[in-house]
There are 2 protein chains.
Amino acid sequence: MNEFDLIARFFRRQHDGEGVVLDNGDDCAVLDIEPEQQLVVSIDTMVAGVHFLASMPSRDLGYRALATALSDLAAMGAQPRWFTLALTLPAIDEAWLAGFSEGLFELADKHQMALIGGDTTRGPLTISIQVHGVVTRGQYLSRAAAEEGDIIAVTGSLGDAAAGLRVAQRQSLAETAEEAFLLRRFERPTARIEEGLLLRDYSRCAIDISDGLLADLGHICAGSGLGAEIEAALLPCSSALSTVNSNERLEFQLRGGDDYELCVTVARENWSTLAAQFSSRDWPLTKIGRMVAGSGVCVHDGDEALSALPMSANGFKHF
Amino acid sequence: MNEFDLIARFFRRQHDGEGVVLDNGDDCAVLDIEPEQQLVVSIDTMVAGVHFLASMPSRDLGYRALATALSDLAAMGAQPRWFTLALTLPAIDEAWLAGFSEGLFELADKHQMALIGGDTTRGPLTISIQVHGVVTRGQYLSRAAAEEGDIIAVTGSLGDAAAGLRVAQRQSLAETAEEAFLLRRFERPTARIEEGLLLRDYSRCAIDISDGLLADLGHICAGSGLGAEIEAALLPCSSALSTVNSNERLEFQLRGGDDYELCVTVARENWSTLAAQFSSRDWPLTKIGRMVAGSGVCVHDGDEALSALPMSANGFKHF
């Protein structure tokens, strides 16, 4: 099986992708963007042994690779459209590829995304995905648009993926329903696409939590020239994570990467409407603090500011 | 130095990239496409030890990685605009990075391309670049648009890069001016961007020769439902390649990858005008054959058809 056969067999799918004039099979893909839209793009790489364990089931890996890339579109409030895949493989393993493409397209289909191009090469297992989405002109969320006094909120729950990674690293199966839930949160994160689209009506500022809350909220602070104060007791905790001892739990919630929840800042006058919109859809959205003058993230635990948290704590590092 | 420092130091440049609303530093880049334009994208990966020798100077590698990706835009007749970079590195080597980014931006600046986003991760040296260009609506070149009777032509000369790769593989310096030229053709290919833009007025069909003439012209044949007849004696040969013995030379010209010249098909009535346009700019364009009914590529050497060339000869394989 050569590169062309491999692509034809595992990665060429019928699709009715909107705006696709020409897709994989030519030198480039050709795409239509509507005049009132702007293009939103992001590229992400996952390397075996660095971002995932080589033992991870390929179906979950395919799903996760696209989910983590999609999360950047969610953080912009963009509508997903197309993606490209640069896949480097040590060898052609048909069972592995079948699983990978199944997981990949499971999520792509959910968001009506079309795979429009890619490159398949031999080498150490590495997956780069570039996602392409659209926003109505000017209607994107950025990390630099928080304002003083804004309420800080997060979707979903925090710390699950970090706890799930620990389960995976133990190299044994999850032993309890809670562990299985946490592992699932690591292996199959949810890109909060729908939430991001809804947020655009109430906010201009969001980020996805890939490197941990402290690090990513820190990016909002740096980008917006402000500080943030959050309450440890307010951080949303899944019932599965609540089985972990409280010191570790807080560490996971503050510094654990890979949750891919959204952190958003909202003007106080918009908060109750936004919260009601989320609530009416049964989507969790939890207020955890507020943007203040200054710089950096300050975590309060009751009356005590956890000043022991060094500001250089940047969450998950890729180097 | 962490990932953010590294990006700031080596990959964040002032640019006046057209259409860039938001670039690297947020979760995604946001881009403007003019209403009369279509977006053209392609992604390419280069892996150390597979696509280049690990000993290759990083400055040349940065140049080459972007050049090979740009070549796909050239083959579409697209105007280059933006690129993203997914860079996986075994360690942070500042001298290596300085050279890589210098070579990369040397070429980016030549085409006024802006680096709008990327991902930097730890792992085996792997470079994925996605290029983004624009074409006026419908005015792109594809590999599926050849017509029977079209003249087949190629830009530049063929076979140099394959001969240059052999020089590099010897792991010694080029010993003659000819070897230095051939090595340079491998290490610093020229993406035929200007040529591609000009071709759009005279053709709808082109491909870039990355896998070898036989393989890539074969893609035009397959895409267009036609065959091709070419004359071995017509294949353009640099004076440096003419120092190589004739059997090897023909092999390099027909099957050698990495030349990144364009192969184009042109209606006979457009040929003389197109040739004059190239000639007036001192750009080489050589007629090598014609498109015929049938399938596959037939190479004639004088009166003899080189039937010894198996049609499964697909040039450079990545697996």
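Modeller: A definition to begin: two strands count as paired when DSSP finds at least two bridges between them. Please also keep in mind that this model is predicted.

Biologist: Thanks! With that in hand, which residue of β12(A) stands opposite A:Gly227?

Modeller: Let's go through the strands of chain A. β9(A), residues 227–231, and β12(A), residues 296–301, pair in the parallel sense, with five bridges between them. In β12(A), the residue opposite A:Gly227 is A:Gly296.

Biologist: And which residue of β11(A) does A:Gly227 stand opposite?

Modeller: β9(A) also pairs with strand β11 of chain A, residues 285–292, in the antiparallel sense over four bridges. In β11(A), the residue facing A:Gly227 is A:Val292.

Biologist: Moving to the two chains, how many residues of chain B are in contact with chain A?

Modeller: On the other side of the interface, 63 residues of chain A take part. The two chains bury about 5200 Å² between them, with 60% of that on carbon and sulfur atoms. The number of chain B residues in contact with chain A is 63.

Biologist: How many residues on the side of chain B that touches chain A are nonpolar?

Modeller: Start with the polar side of the story: 20 residue pairs are in polar contact between chain B and chain A, both partners at pLDDT 80 or more. The largest share of the side of chain B that touches chain A, nine residues, comes from strand β3 of chain B, residues 37–47. That side of chain B has 13 charged residues and 20 polar ones, and the nonpolar count is 30.

Biologist: Which residue of β3(B) stands opposite A:Leu31?

Modeller: Strand β2 of chain A, residues 29–31, pairs with β3(B) in the antiparallel sense, over three bridges. Opposite A:Leu31 stands B:Leu39.

Biologist: Which residue of chain A meets B:Asp32 in a salt bridge?

Modeller: The structure holds 36 salt bridges over all chains, and six are found across the interface of chain B and chain A. In the pair you ask about, N and O are 2.6 Å apart. The partner of B:Asp32 is A:Arg137.

Biologist: Is B:Arg64 buried or exposed?

Modeller: B:Arg64 lies in helix α2 of chain B, residues 58–76. Its contacts beyond four places away in sequence include B:Met46, B:His51, B:Phe186 and B:Tyr260. Because its relative accessible area is 1% and the cut-off is under 20%, B:Arg64 is buried.

Biologist: How many residues apart are B:Arg64 and B:Asp258?

Modeller: The side chains of B:Arg64 and B:Asp258 meet in a salt bridge of 3.2 Å, N to O. Both residues are buried. The pair links helix α2 of chain B with the loop between α8 (246–255) and β10 (262–266) of chain B, and the separation in sequence is 194 residues.

Biologist: Which residue forms a salt bridge with B:Arg188?

Modeller: B:Arg188 sits in the loop between α5 (177–187) and α6 (193–199) of chain B, and its partner is in helix α2 of chain B, 128 residues apart. Both residues of this pair are buried. The closest N and O atoms are 2.8 Å apart, and the partner is B:Asp60.

Biologist: Which residues of chain A are linked with A:Arg188 in a network of salt bridges?

Modeller: Here A:Arg188 belongs to a network of salt bridges rather than just one pair. The residues linked with A:Arg188 are A:Arg59, A:Asp60, A:Glu102 and A:Glu106.

Biologist: Which elements of chain A do the buried residues of α5(A) pack against?

Modeller: Helix α5 of chain A covers residues 177–187, and its buried residues include A:Leu182, A:Leu183 and A:Phe186. Charged side chains appear in that list too, among them A:Glu179 and A:Arg185. The elements that these buried residues pack against are α2 (58–76) and α4 (160–169) of chain A.

Biologist: Last one: why does A:Asn24 count as buried?

Modeller: A:Asn24 lies in the loop between β1 (20–22) and β2 of chain A. Beyond four places away in sequence, A:Asn24 touches A:Phe11, A:Arg12, A:Leu115, A:Ile116 and A:Gly117. The cut-off for buried is under 20%, so A:Asn24 qualifies with a relative accessibility of 15%.

Note on methods. Residues are numbered from 1 along each chain as its sequence is written. Chains are lettered from A and ligands numbered from 1 in the order in which they are written. This is a predicted model: local features need pLDDT of at least 70, side-chain atom pairs count only at pLDDT 80 or more; totals for chains, interfaces and linings use all residues. Side-chain values use heavy atoms; hydrogens and water are left out. Contact means heavy atoms within 4.5 Å. Buried area is the accessible area (1.4 Å probe) that two parts lose on being put together, summed over both. A salt bridge is a side-chain nitrogen of Lys or Arg within 4 Å of a carboxyl oxygen of Asp or Glu. A polar contact is a pair of N or O atoms within 3.5 Å; within protein, one must be able to donate a hydrogen and the other to accept it, and residues adjacent in sequence count only if both atoms are side-chain atoms. Helices (H or I, at least four residues) and strands (E, at least two) are DSSP runs, numbered from the N terminus. Buried means under 20% relative accessible area, exposed over 50%, partly exposed in between (1.4 Å probe, protein chains only).
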